[in-house]
Amino acid sequence: MRVERISYLYEEQISDFIDDIQNSFRSDVPKEAMEIRKALSIVRLGAVTEYALSSSENRLEAQISGMQPETVELSFHTMKTACTCNEPNWCIHKMAVVLHLYSQFHSLIDWNHQWQQIDSGQMSLTMPERTPEAWNRSLAKLTAPLSNIDVNENPHIFVHEASLLDEKAASLSPFEWEWKPLFDLFYRLHLLDAGWQYAHHYIEASAGNFSYRHWQIRMWVNEQLAKIQDQANLLGSKHRLFETDVFYTQLKTSVRRFVLQHEGLFEDRFYLYEIFWTSLFKEKATREKELSGLMSENEPDAKFFAALFHLLSGDVEALSDMVEQMDDKRIGHWMKLSEKAAELEEYKALSILLSRILPHIEEYYEQLSKHDRSYFIRHFDGLLEDSDFPEEQRESLFMMFGKDGLDTYADFLVEHGRYADWAALMHRYNVSYDSMEMDALKMAALEAPAAVLPLLHNFAMGYIAEKNRHGYRRAVKIFKTMKSCSKRSGKIDFWNCYVDTIRNEHRRLRALSEEMERSNLHL
């Protein structure tokens, strides 16, 4: 019997099972919430497969496939349940079968949402006073279920759970508009704190292997940081209430603890820290106190965050002293500081930071995925250009990067008017005519016409080798460009001899001869 028919015949009993599940589990108890999530995952994965109904006994038997197959029995007469996992109460397999039956005519997303909302009314009672401590206690309890999601769980479930927390947090937010942005900052920090382990796993573990799951979590982290940025900008543009001083003091502590105690995703942690210390805390004395606190920390990332304050204050000497004392080869961290120095137009500081990176750049480059190398080369060369690094040193790096740096090196040669070297580079890597940057080719043909003739000859021969009229027409089009280059470079006799030679070598190619004759290639 089809599952839809079973669900229709025993709709009332299934609803009773659902009510029992709903009353047996609480969404604010992490262990119980995890059980519900696992049962929902079984349903979403289609692991509830075969059904066998005994109509005379009103008894249903269902099979759960997977790593550990189980068999579940439901009695619609006695309303008793059994499972081969031998769990006497509701297990994830029993719940999965009931939820699968329920899903035939109802939305599991709506049911899950309704179940999660049961305890939201009780949550509002956990914030009896407006203090940083009360906010932290309530928000830690609210966001705790997110930290209990297993890293192997589907990202869709993670994002959905986070969206449900957003709805619950809205009911806890203060009524006064002056307090709402401040409360949202506290909430977003707790949300990121709870979801960091999961986000770190998905984003960094899948580096170089981009997928939709990776994109989902990447977008979620970006969204939280964007909301924090918006609220920080809003608060930074308004006068503060006297009563909020203790909350801002707590924020400083919370942000520092967050960025130092969590691992991975350094760029995101650095950006988060930067938001607070460029939008909310701009006073010199406050920043100096924070800098002093960071320098006394033993966490490995502390000095990188301390370097931010040297950049913000323009204290290049202090930054230089700090860099000399640090023996850290984490190039990704140094790159983030370099990008910030370039953004602030602190080019002397940028030069100091890049000098720290250069000895380790080859090792770092080899660790990058093929997908990321071209972008990194262009970005890093842009930083070198901003800091006025010697051109010889920049060019030596292109030799190390090889073909991955082809586009950036080609732009470098064109910018410096080295068109003969540009043509040689295109020839060396056998760049096709269609993939070539046409603006660069036109510029080279104008500035160094003789240098591009061998390159254009190779392109034309490639099209002739196709042995079809379309290829011949494209070859003749290139010949016309070569004709202009020869005239511009004063190689008229060479060109006429070249045309005659091509005709003689390919005189049996009638279509090519017709195209060349029609184009009047002689000078």
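Helices here are DSSP runs of H or I with at least four residues, numbered from the N terminus. By that assignment, V259 of this predicted model lies in helix α11, which covers residues 245-261. The points below start from V259 and the helices that follow α11, then turn to α15 and α16, to the region around T84 and L99, and to two residues with positive phi.

**V259 and H262: the end of α11 and the loop after it**

- V259 has a relative accessibility of 0% and therefore counts as buried, the cut-off being under 20%.
- Outside its neighbours within four places in sequence, V259 makes contact with R269, L272, Y273 and F305.
- L272 is 13 residues away from V259 along the chain, and the two C-alpha atoms are 8.0 Å apart.
- H262 sits in the loop that runs between α11 and α12.
- The relative accessible area of H262 is 17%, so H262 is buried under the same 20% cut-off.
- Residues touched by H262, apart from those up to four places away in sequence, are D193, W196 and R269.
- With D193, the H262 side chain forms a side-chain to side-chain polar contact of 2.6 Å.
- R269 thus appears in the contacts of V259 and in those of H262.

**Packing of α10 with α12**

- Helix α10 (residues 212-236) packs with helix α12 (residues 266-279) at an angle of about 10 degrees, and their axes are 9 Å apart.
- Angles under 35 degrees count as roughly parallel, and α10 and α12 are therefore roughly parallel to each other.
- The contact of α10 with α12 is made up of eight nonpolar, five polar and two charged residues.
- On the α10 side, the residues that meet α12 are R218, V221, N222, L225, I228, Q229, A232, N233 and G236.
- On the α12 side, they are D268, Y271, L272, I275, F276 and S279.
- L272 of α12 belongs to this contact with α10, and L272 is also in contact with V259 of α11.

**Helix α15: a buried face and an exposed side**

- In α15 (residues 316-325), the buried residues are V316, L319, S320, M322 and V323.
- Viewed down the axis of α15, these buried residues lie within an arc of 165 degrees, so they line one face of the helix.
- E317, E324 and Q325 are exposed on the other side of α15.
- The buried residues of α15 pack against four helices: α13 (284-295), α14 (302-313), α16 (331-343) and α17 (347-357).

**S338 in α16**

- Helix α16, one of those packed against by the buried residues of α15, contains S338.
- S338 is buried, because its relative accessible area of 0% is under the 20% cut-off.
- Beyond four places in sequence, S338 has contacts with L350, L353, L354, I357 and L383.

**T84 and L99: the loop before α4, and α4**

- T84 belongs to the loop between β4 (81-83) and α4 (92-102).
- At 44% relative accessible area, T84 is partly exposed.
- Its contacts, not counting residues up to four places away in sequence, are E70 and T71.
- The side chains of T84 and E70 are joined by a polar contact of 2.4 Å, and the C-alpha atoms of these two residues are 5.7 Å apart across 14 residues of chain.
- A polar atom of the T84 side chain also lies 3.0 Å from the backbone nitrogen of T71.
- L99 is in helix α4 and counts as buried, at 0% relative accessibility.
- Leaving out neighbours within four places in sequence, L99 contacts I18, A39, L40, V43, L108 and W111.
- L99 and S15 are 84 residues apart along the chain, with 9.8 Å between their C-alpha atoms.

**Positive phi outside glycine**

- K467 is not a glycine, yet its phi is positive, at about 55 degrees.
- K467 is located in the loop between α24 (449-464) and α25 (469-488), and it is exposed, with a relative accessible area of 58%.
- N520, likewise not a glycine, has a positive phi of about 50 degrees.
- N520 is in the segment after α27 (510-519) and is exposed at 53% relative accessible area.

Methods: Residues numbered from 1 in each chain as written. Predicted model: local features only at pLDDT ≥ 70, side-chain atom pairs only at ≥ 80, totals over all residues. Heavy atoms only, no water. Buried < 20%, exposed > 50% of the residue type's maximum accessible area, 1.4 Å probe, protein only. Contact = heavy atoms within 4.5 Å. Axes fitted to C-alpha atoms, helices over the stretch in contact; angles between N-to-C directions. Parallel < 35°, antiparallel > 145°, perpendicular 65-115°, else oblique. Nonpolar A, V, L, I, M, F, W, Y, C, P; charged D, E, K, R; others polar. Arc of directions from axis to C-beta. Polar contact = N/O pair within 3.5 Å; in protein donor to acceptor, adjacent residues only side chain to side chain.
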